[in-house]
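Visitor: Could you pick one spot in this structure, take a close look at it with me, and then work outward from there?

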Amino acid sequence: MTNSPLKLTQISPNVWILPRHPDKNRVQATVGMVLTAKQTILIDAGNSLQLARQIQAALAAIDAPPISHIIYTHHHWDHSFGACVYGVPVIAHQLSRQFLSQMQQENVGEAYLRTKVERNPKLILDWTAEDWAEFELVLPEITYEGQKRLQFDDVSLELVSVGGIHAADSTVIKVVNEGVMFLGDCYYPAPRYEEPTDQMLDMAMLANLLDEQYDHYIDGHNAPMQTRHVRRILRSQALLARLNSSR
Ligand SMILES: [Zn+2]
């Protein structure tokens, strides 16, 4: 556990992020923060209660307005398990609610993460017995299907259901007037792969998401990308595909 305050990165006038942890063994996904004049909306909740408390402290340090809502990009533990700390309603795709309610019925929690550590002993988890005693899954109270526009004070967010092989409930969240798009893990391979490679990414989905109105693409487990980075990835993958097919 670290006591030094988390460092947030500003992406655009109203958008900040806690970047994903560079150590993949922490499985700590990017958390987005949209700050309006009166409220802060979180994009994903953090992978643990400890991290959620550190996010609250980091937001207080930049004088962010109170957190009013969380939007889940998808239901996976590393994006949702911190949610119970904030005590605010969650917005997500209808399927996220379905998956999380199933997880709730199956009592997914401590034993579930213990199994993950058994499979990958390098996995580092910031959970204490007290945290597990307080933990509860937070199901989305507000759900959508297809596409939904949300207005928070002067900021418009657009939620688009993209699904995909990683998680059927994947939502992309667009911060409409700031050129920022949160991708979650939507173009990643199925989560059963412990060490996925770049070749397993859904390049067609990523190419479809490219939009000239958006310059910042923020996914769950990489550094933020700008349009030119995304284009470079798409070009190198296309080249690789050609090389492989001509072999
Ligand atoms: Zn995921």
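Guide: Let's start at aspartate 63, which sits in the loop between helix 1 and strand 5 (67-71). Helices and strands here are DSSP runs, H or I over at least four residues for a helix and E over at least two for a strand, numbered from the N terminus. Residue numbers count from 1 along each chain as its sequence is written. The model is predicted, so local features need pLDDT of at least 70 and side-chain atom pairs count only at pLDDT 80 or more, while totals for chains, interfaces and linings use all residues.

The phi of aspartate 63 is positive, about 55°, although the residue is not a glycine. Is aspartate 63 buried or exposed? Aspartate 63 is exposed, because it has 7 other C-beta atoms within 10 Å. The scale runs like this: 20 or more other C-beta atoms within 10 Å make a residue buried, 12 or fewer make it exposed, and anything in between is partly exposed, with C-beta atoms placed from the backbone.

Now look at aspartate 44, in the loop between strand 4 (40-43) and helix 1. Phi is positive at this non-glycine residue too, near 75°. Its surroundings, however, are another matter: aspartate 44 counts as buried, because it has 28 C-beta neighbours inside 10 Å.

Leucine 123 gives a third loop setting, between helix 4 (110-119) and helix 5 (129-134). Leucine 123 counts as partly exposed because 15 C-beta neighbours lie inside 10 Å. Beyond its neighbours within four places in sequence, leucine 123 is in contact with Asn25, Val27, Lys116 and Val117; a contact means C-beta atoms, placed from the backbone, within 7 Å. The C-alpha atoms of leucine 123 and arginine 26 are 6.0 Å apart, although 97 residues separate the two along the chain.

From the loops we can step back to helix 1 (residues 49-61), which gives the largest nonpolar core its largest share, 5 residues. That core has 50 residues, and those with the most contacts inside it are Val31, Val34, Leu42, Ile70, Ile71 and Leu183. A nonpolar core here is a set of buried Ala, Val, Leu, Ile, Met, Phe, Trp, Tyr and Cys residues joined through C-beta atoms within 7 Å. Leaving aside neighbours within four places in sequence, isoleucine 71 is in contact with Ile41, Ile43, Ile91, Ala92, Leu159 and Ile173.

Helix 3 (residues 94-105) is worth a pause. Its 12 residues reach 17 Å from first C-alpha to last, close to the 16 Å expected at 1.5 Å a residue, where the expected span is 1.5 Å times one less than the number of residues. Its buried residues are Leu95, Ser96, Phe99 and Leu100. Seen down the axis of helix 3, these fall within an arc of 130°, so they line one face of the helix; the arc is that of the directions from the helix axis to the C-beta atoms. The buried residues pack against helix 2 (77-80) and strand 6 (90-93). On the face turned away from the buried side sit the exposed residues Gln102 and Gln105. After helix 3 comes asparagine 107, with a positive phi near 60°.

Helix 7 (residues 227-245) is hardly covered: 1 of its 19 residues is buried.

Next comes an open sheet of 6 strands, in the order 8-9-10-11-12-13 with mixed pairing. Strand 8 (147-152) and strand 13 stand at the edges with a single partner strand each, so one side of each has no neighbour in the sheet. Two strands pair if DSSP finds at least two bridges between them. Strand 11 (residues 180-184) and strand 12 (residues 216-219) run parallel, joined by 4 bridges, and tyrosine 217 is the bridge partner of methionine 181. Strand 12 and strand 13 (residues 225-226) run antiparallel, joined by 2 bridges, and form a hairpin with 5 residues between them. Here histidine 216 has glutamine 226 as its bridge partner, and tyrosine 217 stands opposite methionine 225.

Finally, the whole view. The protein has 7 helices and 13 strands, and 36% of its 247 residues count as buried. Among contacts between residues at least 6 apart in sequence, 60% join residues at least 24 apart.

Conventions
Contact = placed C-beta atoms within 7 Å.
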